[in-house]
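Work through the two exercises below with the sequence and the model at hand. Each solution goes step by step.

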Amino acid sequence: MNAATGMRRVSVHRLGEVLLASIQQELTDSIAVALRQDLTEMAAAGTRGVIIDISQVEIVDSFLARVLAEIAAATRILAGRTVVCGMRPPVAITMVEMGLGLPGLHTARSLEDALALVEAGEVGR
Amino acid sequence: MTTAAVTTLPITSDLEIAGVRQAVREAAVAAGFSLVEQTKVVTAASELARNTLVHGGGGRLEITRLDRPHGQGIRLRFRDEGPGIADVETALSDGYTTGHGLGLGLGGARRLVQEFAIDTAPGRGTTVTVTAWPRGAWGG
C-alpha cells in the first residue's frame with residue numbers, strides 16, 4: 001500500500017521458476033508500471049516464464065497493452081514466455097475493435113492452460 | 001432529445017483516470033448498456049482521460065445522460081486548456097504516439113463510440129466529445 005495515494009501494488013508470486021501476477025485491483029497507470037518493474041526485476045533472478053492473470057481486469061486500453069508488451073519483451077530477453085490468462089470476452093472484443101494487439105504475448109483461457117504454455121515454451125527451445 | 005444533469009469529474013492524476021472509468025461504467029449501466037457496450041465506452045473514456053492528463057496537462061470530464069424515445073445514451077466531454085493539437089488528422093491516425101501508449105489512443109477511442117468530435121487548436125486547449133448508445137437506441 002502506498003500511503004500517499006492509497007494504491008496497492010500487484011503482488012507477484014514465485015512458483016518454482018514461474019512468476020505469477022494476479023491483478024485483483026483497479027489498475028492505475030502507475031500500478032501497471034510498478035508491476036512491470038517488479039516482474040522484470042524478479043525475472044532477472046531466473047525464470048522460465050511469467051503468467052499474468054487478468055480475469056478481474058475490466059478493460060485493457062492502449063497504455064496497459066503497451067505495459068504488457070514491454071513485460072513480454074523483457075521476459076523474452078531473459079529466455080522466458082509471458083502468458084496472459086483469463087481475459088474477459090468483452091475485453092477481447094473491445095481490443096479487436098480498437099485494433100489493439102498484444103505483441104509478444106501468449107494468451108490462455110485459464111491458469112492451468114497458462115502453466116502448460118510456459119512448459120511448452122521450455123520444451124520448444 | 002432531452003438531456004439530464006451533468007456530472008463533472010476532475011482529471012489531474014492517474015487515480016482520477018480510474019475514477020473516470022468507474023463513473024462512466026456507472027453511467028453506462030444506468031443507461032442500459034450491455035456488458036460489451038459498457039466495456040467499449042469505458043475503454044474509450046480511459047484513452048481520452050489519459051490524453052487529457054498527459055497531453056492537455058489535466059482537465060475535466062462532463063458526463064451527460066441523453067434521452068431519446070428509443071433509449072438512453074451518454075455523452076462524454078473531455079476538456080483541457082493545454083497546448084492543443086496542431087494536426088488533428090495525424091493525431092487520429094493509427095501508430096501516432098508521443099510515447100505513452102501504442103499510438104492507438106485517439107483513433108482507437110473513436111472506433112469504440114458512435115459519435116466523435118474534436119475541437120482543438122494550438123494554444124486553445126482541446127475538447128473531445130463522444131456519444132455512445134446501447135443497441136437499438138442509436139438513430140432512434
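The exercises treat the interface of two chains and then one residue of chain A.

This is a predicted model, in which local features need pLDDT of at least 70, side-chain atom pairs count only at pLDDT 80 or more, and totals for chains, interfaces and linings use all residues. Residues are numbered from 1 along each chain as its sequence is written, chains are lettered from A and ligands numbered from 1 in the order in which they are written, and side-chain values use heavy atoms, with hydrogens and water left out.

**Exercise 1.** Describe how chain A and chain B meet.

Step 1. With contact taken as heavy atoms within 4.5 Å, 24 residues of chain A are in contact with 25 residues of chain B.

Step 2. The two chains bury about 2100 Å² between them, 57% of it on carbon and sulfur atoms, where buried area is the accessible area (1.4 Å probe) that two parts lose on being put together, summed over both. Of the area that chain A buries against chain B, 28% is supplied by A:Ile59, A:Arg66 and A:Met98, more than any other three residues.

Step 3. The rule for salt bridges (a side-chain nitrogen of Lys or Arg within 4 Å of a carboxyl oxygen of Asp or Glu) finds five across this interface. B:Arg50 and A:Asp61 meet in a salt bridge through their side chains, at 2.9 Å from N to O.

**Exercise 2.** Which side chain of opposite charge is nearest to A:Asp53, and how far away is it?

Step 1. Lys and Arg count as positive and Asp and Glu as negative, while His and the chain ends are not counted.

Step 2. A:Asp53 is buried (under 20% relative accessible area, 1.4 Å probe, protein chains only), yet has no salt bridge, and the nearest side chain of opposite charge, A:Arg88, is 8.5 Å away.

Step 3. Not counting residues up to four places away in sequence, A:Asp53 touches A:Ala21, A:Ser22, A:Ile23 and A:Cys85.

Definitions and conventions:
Buried < 20%, exposed > 50% of the residue type's maximum accessible area, 1.4 Å probe, protein only.
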